Amino acid sequence: MTTPNQHWNAVFVAKSDQELGWYERDPAQTLKFLDLIPGSRTATIFLPGAGTSVLVDELLARGAQVILNDVSDEALKKLKKRIGNIQHRVTWLHHDISKPMPDSLPQVDIWIDRAVLHFLLDTAGLEGYFRNLRSLLRKGGFALLAEFSTAGAPMCAGLDVHRYSVEELTTRLGEGFDLIQHEEYTFINPFGDPRPYVYALYKRK
């Protein structure tokens, strides 16, 4: 049976960034939500699935400190090579986000998930993900979740996904979070195909 690490390593080795179905040339949709957060430009930001996203470059250009996690060490190798000498503001983590996180990680101001959560299908994995989110995100911090919407595709990268409504995201986060803003958004992937997403920004009480 292929592990998540093996699956995603094979994807990142076989394809260039522009050949990935989730490749986003301009992360303006995510940045639009970040601009609603006071102090986001110099915040400490955690990405549970950094991949090779150009969002990382934008966050660093703005002045943020970032913790970059991915289940694929091959993706992290590519990302390290690309961002080069800015690495002094980066903490690297190669970890399955559904498993308990290292105790050494500091709490963060912002958690940004673009298209990670929807790959977690079993109860244990989902519980682990949200346990990590609550553990790492400080009180008063913000969580931005961007997942395939209920109108979205049932699969991505050869894997089944769970499609979300904003109501389900809110329920899974629990009573400790306030919904600040949400939006249905259609991402056009590199092959010209529409991919309906739901974006939801929460503040931890």
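I began with the charges of this predicted model, and I found that the mean positions of its 23 positive and 25 negative charges lie 4 Å apart.

Next I looked up the overall build. I counted 6 helices and 9 strands in the protein. Its radius of gyration is 16 Å, close to the 17 Å that the globule rule gives for 205 residues, so I noted the protein as being as compact as a globular protein of that length. Along the principal axes, I read a span of about 40 × 40 × 30 Å for the C-alpha trace.

I then turned to surface and burial. The accessible surface comes to about 9800 Å², and carbon and sulfur atoms hold 51% of that area, while 48% of the 205 residues count as buried. Among the contacts with a separation of 6 or more, I noted that 66% are made by residues 24 or more positions apart.

My next entry concerns the interior. The largest nonpolar core has 32 residues, and I wrote down those with the most contacts inside it, namely Ile45, Leu47, Val56, Leu59, Val66, Leu68 and Ile112. Among the elements that give this core two or more residues, I listed helix 2 (28-34), helix 3 (55-62), strand 2 (65-70) and strand 4 (108-114). Apart from this core lies another one, of 27 residues, which includes Val116, Leu133, Leu137 and Leu145. I also followed Val66, which, residues up to four places away in sequence not being counted, touches Ile45, Leu59, Leu60, Arg89, Val90 and Thr91.

Is Glu24 buried or exposed? I located Glu24 in the loop between helix 1 (4-14) and helix 2, and its relative accessibility is 9%, which is under the 20% cut-off, so I recorded Glu24 as buried. Leaving aside neighbours within four places in sequence, I found Glu24 in contact with Val54, Arg114, Phe187 and Tyr199. From Glu24 to Ile110, which is 86 residues away in sequence, I read a C-alpha to C-alpha distance of 20 Å.

For my last entry I looked up Met155, which is found in strand 6 (residues 155-156). Its relative accessibility is 43%, and Met155 therefore counts as partly exposed. Which residues are in contact with Met155, leaving aside its neighbours within four places in sequence? I noted Phe148, Asp160 and Val161. Finally, I read that the C-alpha atoms of Met155 and Lys99 are separated by 23 Å, the two residues being 56 residues apart along the chain.

Technical notes:
Residues numbered from 1 in each chain as written. Predicted model: local features only at pLDDT ≥ 70, side-chain atom pairs only at ≥ 80, totals over all residues. Heavy atoms only, no water. Helix = DSSP H or I, 4+ residues; strand = E, 2+ residues; numbered from the N terminus. Rg over C-alpha atoms; globule rule 2.2 N^0.38 Å. Buried < 20%, exposed > 50% of the residue type's maximum accessible area, 1.4 Å probe, protein only. Contact = heavy atoms within 4.5 Å. Areas by Shrake-Rupley, 256 points an atom, 1.4 Å probe, with all protein chains shown as cover. Lys, Arg positive; Asp, Glu negative; His and termini not counted. Charge placed at Lys NZ, Arg CZ, Asp CG, Glu CD. Core = buried A, V, L, I, M, F, W, Y, C linked by side-chain atoms within 4.5 Å.
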